[in-house]
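Morning, everyone. Let me put today's structure on the screen, and then I'll walk you through it.

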Amino acid sequence: MSESAGHAEGSLAALYETVRLLTDPGQLSAGQAVLVAASALLVGAVLWSCCGRQNKVKLRAEFTPGKVYFHAAPPVKAIPCLTPFGMKLETYLRMADIPYEPMYGRSRGPKGKIPWIEYNGEAKGDSGLIIEFLNREKGVDLNQSLSEADKAVSRAFTKMVEENTYWGLVRNRWIDNFDQLQELFEVPWFVMFLLRSVRGKVKQTLWAHGIGRHDKDDLEGIIEKDLKAISRFLGAKPYLMGDEPTEVDAAVFGQLSEICWANSDTYLHRIVTVDCPNLQAYCNRIKDRYWLDWDQLTKKSKKDQ
């Protein structure tokens, strides 16, 4: 299922081009208020377009052969990408030293979600399938040092965080802390009314998945066990499988980075930073090694940290 869930965050990418042009309602003139109302209708249409049906992928008319065009939601102050699958894929591109060009905007890929890439005039979707494709195309193998048993463990951890742990993040962000999304997503006040329809779709998705049928305490207990399993397996190692990063680190960092930097004041953040401090150190290690431009992307100054 992978990022078929993300899609709430994915849908959000469609909003940025419009809502970042709008200002605080208290400072609007009469003419600007009309603009806001019109823009609200436009945003609603965009939400319907993204959530209600799958758009045909629009590819670049011109491209550089062999270049990866990486489509994702734009950075916010908290984190370079608001979907963990975007963080995963971009971290992989950096780990594998594959040149790419970020394409921030509202377009969604061939599977109706983000992230996705354009490569040699073709669209590729799903972060896991994209990584497999680029491994073949670019001759990359971040797992070359692993035994077959280690590769099996890596896949198990990847699937755990993407098919189970992720849903705890979705529930925590979209259901339990919905009132904090305006600040996190950096959108105008009225967009929150529109996002309630997305929240309803998230609830339906959680229920269909099965994890949404648990009560809050049971679900949090399930996700806590996931995070502590990662912590125990990581131990004092610098990376999950040893001294050097492998593909599983991109996947795990994708999920944990959202908890570390975009889910403060939650039980998830407490587990990663207080109960399992080696997970926070792990995230900082990957951030410091592969995201030297983090502050530039999130437009943070020293006093913000």
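I'll take the sheet, then the helices on it, then two single residues.

Ground rules. This is a predicted model: local features need pLDDT of at least 70, side-chain atom pairs count only at pLDDT 80 or more, and totals for chains, interfaces and linings use all residues. Residues are numbered from 1 along each chain as its sequence is written, and side-chain values use heavy atoms, with hydrogens and water left out.

The sheet. It is open, with 4 strands in the order 2-1-3-4 and mixed pairing. Strands here are DSSP runs of E, at least two residues; helices are runs of H or I, at least four residues; both are numbered from the N terminus. Two strands pair if DSSP finds at least two bridges between them. The edges are strand 2 (100-104) and strand 4 (122-125), each pairing on one side only. On average, neighbouring strands are turned by 25° against each other, direction ignored. Axes are lines fitted to C-alpha atoms, for helices over the stretch in contact, and angles run from 0 to 180 degrees between N-to-C directions.

Now strand 1, residues 68-72. With strand 3, residues 116-119, the pairing is antiparallel, over 4 bridges. Phe70 stands opposite Ile117 there. With strand 2 the pairing is parallel, over 5 bridges. His71 has Met103 as its bridge partner in strand 2.

On to the helices. Helix 3, residues 84-95, packs on the sheet and touches strand 1, strand 2 and strand 3. Contact means heavy atoms within 4.5 Å. The direction of helix 3 makes about 155° with that of strand 1. Strand 1, helix 3 and strand 2 form a right-handed β-α-β unit. Right-handed means that, with the strands pointing away from the viewer, the path from the first strand over the helix to the second runs clockwise. Helix 4, residues 127-138, lies across strand 1, strand 3 and strand 4, at about 30° to strand 3.

Stay on helix 3, and find Thr91. Is Thr91 buried or exposed? Buried, because its relative accessibility is 0%; the cut-offs are under 20% for buried, over 50% for exposed, partly exposed in between, with a 1.4 Å probe and protein chains only. A polar atom of the Thr91 side chain lies 2.7 Å from the backbone oxygen of Met87. Leaving aside neighbours within four places in sequence, Thr91 contacts Ala250, Phe253, Ile286 and Trp291.

Last one: Gly210, in the loop between helix 7 (191-209) and helix 8 (216-234). Gly210 is partly exposed, at 25% relative accessible area. Its C-alpha is 10.0 Å from that of Trp167, 43 residues apart along the chain.

Terms used. Polar contact = N/O pair within 3.5 Å; in protein donor to acceptor, adjacent residues only side chain to side chain.
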